[in-house]
Amino acid sequence: MTNDIISKANIELKARAQNWRHAIQLVGGLLTENGYTTEDYTNEMIHAVETLGPYIVVAPGIALAHSRPAPSVIKTGLSLVTLVGPINFGSEENDPVELVFGLCATDSNSHIQIISRLVQFLDNDENIEFLKRCTDSGDVWLAINRLEEGI
């Protein structure tokens, strides 16, 4: 297994989303298409926001869609969709959102390294701006995964 926190297949750039539900469907769709989850997981992520509010908007312009570990998760993983036009999730502090990540985990611990490395990457404002403007998913994949190589 590689040390990548995201696979190239789980990255979609410059997508159009009508609303926050559609944005979650996009990141969830990548996880489903690439064997990380069943379609049920996408519905669980949407239900989590409907139930708990826009807590997934974790920083200005960034949402981290996720739900609890469940039978709908096949393997732990991460997806990313960048949006052409920002959308509102209902977060007073951090809307509108341009970067939507999808996270799925098979248990309550397997995703901790992914989150830790992602936070480290997103802690740099230059990296966030790069993600917003990049049009090559290979470049995004390299940027996110090469963090430990000390770029």
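Let's start at a single point in the sheet of this predicted model: Ala 59 stands opposite Ile 62, a residue of strand β3. Two bridges join β2 to strand β3 (residues 62-66), and these strands run antiparallel.

**The sheet and its helices**

From there we can step back to the whole sheet. It is open, has five strands in the order β1-β4-β5-β3-β2, and its pairing is mixed. The edge strands are β1 (11-15) and β2 (57-59), each of which pairs on one side only. From one strand to the next, the twist averages 25°.

Helix α3 (residues 112-122) packs on this sheet and touches β3, β4 (77-87) and β5. The direction of helix α3 makes about 165° with that of β5. Helix α5 (residues 137-145), in turn, lies across β1 and β4 and runs at about 125° to β1.

**Salt bridges**

How many salt bridges does the count come to? The count comes to three, and they are listed here with their N to O distances.

| Side chains | N to O distance |
|---|---|
| Glu 50 and Arg 21 | 3.0 Å |
| Glu 98 and Lys 132 | 3.5 Å |
| Lys 132 and Glu 129 | 3.6 Å |

Let's take the salt bridge between Glu 50 and Arg 21 (3.0 Å, N to O) to begin with. Glu 50 lies in helix α2 (residues 39-52) and Arg 21 in helix α1 (residues 20-33), so this pair ties together parts that are 29 residues apart in sequence. Are these two partners buried or exposed? Glu 50 is partly exposed, with a relative accessible area of 43%, and Arg 21 is partly exposed too, at 35%.

Next comes the salt bridge in which the side chains of Glu 98 and Lys 132 meet (3.5 Å, N to O). This pair links distant parts of the chain: Glu 98 sits in strand β5 (residues 97-104) and Lys 132 in helix α4 (residues 125-133), 34 residues apart. Glu 98 is partly exposed, with a relative accessible area of 24%.

Lys 132 also meets Glu 129 in a salt bridge. Here both residues lie in helix α4, three residues apart, which is about one turn of the helix. Glu 129 counts as partly exposed at 41% relative accessibility. Through shared partners, the salt bridges join Glu 98, Glu 129 and Lys 132 into one network.

**Aromatic rings**

The count of aromatic pairs comes to one. The rings of Trp 20 and Phe 89 have their centres 6.3 Å apart and their planes at 40°, so the pair is tilted. Where in the chain do Trp 20 and Phe 89 lie? Trp 20 is in helix α1 and Phe 89 in the loop between β4 and β5, 69 residues apart, and the pair links distant parts of the chain. Both Trp 20 and Phe 89 are buried.

Two lysines also sit over ring faces. Lys 8 lies over the face of Trp 141, at 4.4 Å from the ring centre. Lys 75 lies over the face of Tyr 36, at 4.6 Å from the ring centre.

**Back to the helices**

Helix α1 holds residues from two of these stories: Arg 21, the salt-bridge partner of Glu 50 in helix α2, and Trp 20, the ring partner of Phe 89. Strand β5 appears twice as well, touched by helix α3 and home to Glu 98, which pairs with Lys 132 of helix α4.

Terms used. Residues numbered from 1 in each chain as written. Predicted model: local features only at pLDDT ≥ 70, side-chain atom pairs only at ≥ 80, totals over all residues. Heavy atoms only, no water. Salt bridge = Lys/Arg side-chain N within 4 Å of Asp/Glu carboxyl O. Helix = DSSP H or I, 4+ residues; strand = E, 2+ residues; numbered from the N terminus. Buried < 20%, exposed > 50% of the residue type's maximum accessible area, 1.4 Å probe, protein only. Pairing = 2+ DSSP bridges. Axes fitted to C-alpha atoms, helices over the stretch in contact; angles between N-to-C directions. Contact = heavy atoms within 4.5 Å. Phe/Tyr/Trp six-rings, centres within 6.5 Å; stacked < 30°, edge-to-face > 60°. Lys NZ or Arg CZ within 6 Å of the ring centre and 35° of its normal.
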